[in-house]
Amino acid sequence: MYAINHASTALLLRKKDSNLPLLPLLISVQLVEILWVLFSYLGWEHFSISGGKVHLDFLPYSHSLFSGVVAAALSFCIVNWGFKNRRLAIAVAIGVISHVIIDMVFHEKDIRLSPFSDRPVMGLGIIDYPILNFIIEFAYGIFCWWYFKGSRRLLWVIVIFNVLDLPMMLAQGYMLNPFITYPFLLPSVILFQILITWYFVFRYARMKNEP
Ligand SMILES: [Zn+2]
């Protein structure tokens, strides 16, 4: 799933309890992806490009069910005992694990149960059907906005970033050459998407009552 729709998950968590601050929720839903960016820069995880498509060959430390549960549990402990906020701790833990669960729907079979065994691998592979991928993600983002009862500007943010994802979803063949030549480019693009969608969702989600 692309950054804007992971970020939209934070809107679901925010609506559940309107006293929860949005920023930690936005961080929680992308924590796993931030780890992937970091691990990719460090060379601990890697992707490849073959058959004209990007494959996330090796990402068991950031994106496995086990590491998602561990990251969620650690986040819970930090927020619960460090910041003394149990409700936020529960929401943040759900946010962290939501990322892995949602990615299992969209990814190819590349999400392991744990980093300790290379089987089984999970992933429904919706990413292999770009138009279907676009429609499902777009509908999910709109649903999060509707559930949150967001402003019209927030709706535009979700619509525009989803449309901007289309070229990435449809990219194939020679269009992916820059990512082969410069391996740091893909994690950098993903990091940029995370940061910019955080900014715009944070900014416009706070103006709830605006028409
Ligand atoms: Zn991910």
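# Reasons behind the labels

Guide: Lysine 149 has its place in the loop between H5 and H6, and the model in which we find this residue is a predicted one.

Visitor: Why is lysine 149 called exposed?

Guide: The relative accessibility of lysine 149 is 57%, and since the label requires a value over 50%, lysine 149 counts as exposed.

Visitor: What is said about the phi of lysine 149?

Guide: Lysine 149 is not a glycine, and yet its phi is positive, at about 60°. Most residues other than glycine have a negative phi. Lysine 84, in the loop between helix H3 (65-82) and H4, is likewise not a glycine and has a positive phi of about 50°.

Visitor: How do you know whether lysine 84 is buried or exposed?

Guide: Its relative accessible area is 68%, and a value over 50% is what the word exposed asks for, so lysine 84 is exposed.

Visitor: What makes the peptide bond from arginine 119 to proline 120 worth a remark?

Guide: That bond is cis, with omega near -5°, and proline 120 belongs to strand E4 (residues 117-122). Most peptide bonds are trans.

Visitor: Let us turn to the metal. Which residues coordinate the zinc ion?

Guide: The donors are Glu33 through OE, His63 through NE2, His99 through NE2 and Asp103 through OD, at 1.9 to 2.2 Å. Each of these residues counts as a donor because the distances of 1.9 to 2.2 Å fall within the 2.8 Å allowed here. Along the chain, the donor residues follow the spacing E-x29-H-x35-H-x3-D.

Visitor: What makes glutamate 33 and histidine 99 a pair that ties parts together?

Guide: Glutamate 33 lies in helix H2, whereas histidine 99 lies in helix H4, so the pair joins parts that are 66 residues apart in sequence.

Visitor: Why is the site of the zinc ion called irregular?

Guide: The angles among its four donor atoms run from 87 to 178°. For a tetrahedral label all angles would have to lie between 85 and 135 degrees, and because the range reaches 178°, that label is excluded. The site is therefore described as irregular, the term kept for arrangements that meet none of the named geometries.

Visitor: How do you know whether glutamate 33 and histidine 99 are buried or exposed?

Guide: Glutamate 33 has a relative accessible area of 11% and histidine 99 one of 0%. Buried means under 20%, so glutamate 33 is buried, and so is histidine 99.

Visitor: How are the two helices that hold this pair described?

Guide: Helix H2 (residues 22-42) and helix H4 (residues 86-106) pack at an angle of about 35°, with their axes 8 Å apart, and the crossing of H2 and H4 is right-handed. Among the residues of H2 that take part are Pro24, Leu25, Val29 and Glu33, and among those of H4 are Leu88, Val92, His99 and Asp103. The residues of this contact divide into ten nonpolar, five polar and two charged.

Visitor: Why is helix H1 (residues 3-16) called largely enclosed?

Guide: Twelve of its 14 residues are buried, so H1 is largely enclosed by the rest of the structure. Those buried residues, including Ile4, His6, Leu12 and Arg14, pack against H2, H4, H5, helix H6 (152-170) and helix H8 (185-205).

Visitor: Why is serine 40 called buried, and what makes serine 48 partly exposed?

Guide: Serine 40, in helix H2, has a relative accessibility of 15%, which is under the 20% limit, so serine 40 counts as buried. Serine 48, in strand E1 (residues 46-50), has a relative accessible area of 23%, and because partly exposed covers values between 20% and 50%, serine 48 receives that label. Leaving aside neighbours within four places in sequence, serine 40 is in contact with Glu45 and Pro187, while serine 48, under that restriction, is in contact with Lys53, Val54, His55 and Asp57.

Visitor: How do you know whether leucine 186 is buried or exposed?

Guide: Leucine 186, which lies in helix H8, has 7% relative accessibility, and as this is under 20%, leucine 186 counts as buried. Beyond its neighbours within four places in sequence, its contacts are Trp36, Phe47, Val54, Met168 and Phe179.

Note on methods. Residues numbered from 1 in each chain as written. Predicted model: local features only at pLDDT ≥ 70, side-chain atom pairs only at ≥ 80, totals over all residues. Heavy atoms only, no water. Axes fitted to C-alpha atoms, helices over the stretch in contact; angles between N-to-C directions. Helix = DSSP H or I, 4+ residues; strand = E, 2+ residues; numbered from the N terminus. Left-handed = near helix turned anticlockwise from the far one by under 90°. Contact = heavy atoms within 4.5 Å. Nonpolar A, V, L, I, M, F, W, Y, C, P; charged D, E, K, R; others polar. Donors = N, O, S within 2.8 Å, 3.2 Å for Na, K, Ca; no water. Tetrahedral: all angles 85-135°; square planar, octahedral: opposite > 155°, others 65-115°. Buried < 20%, exposed > 50% of the residue type's maximum accessible area, 1.4 Å probe, protein only.
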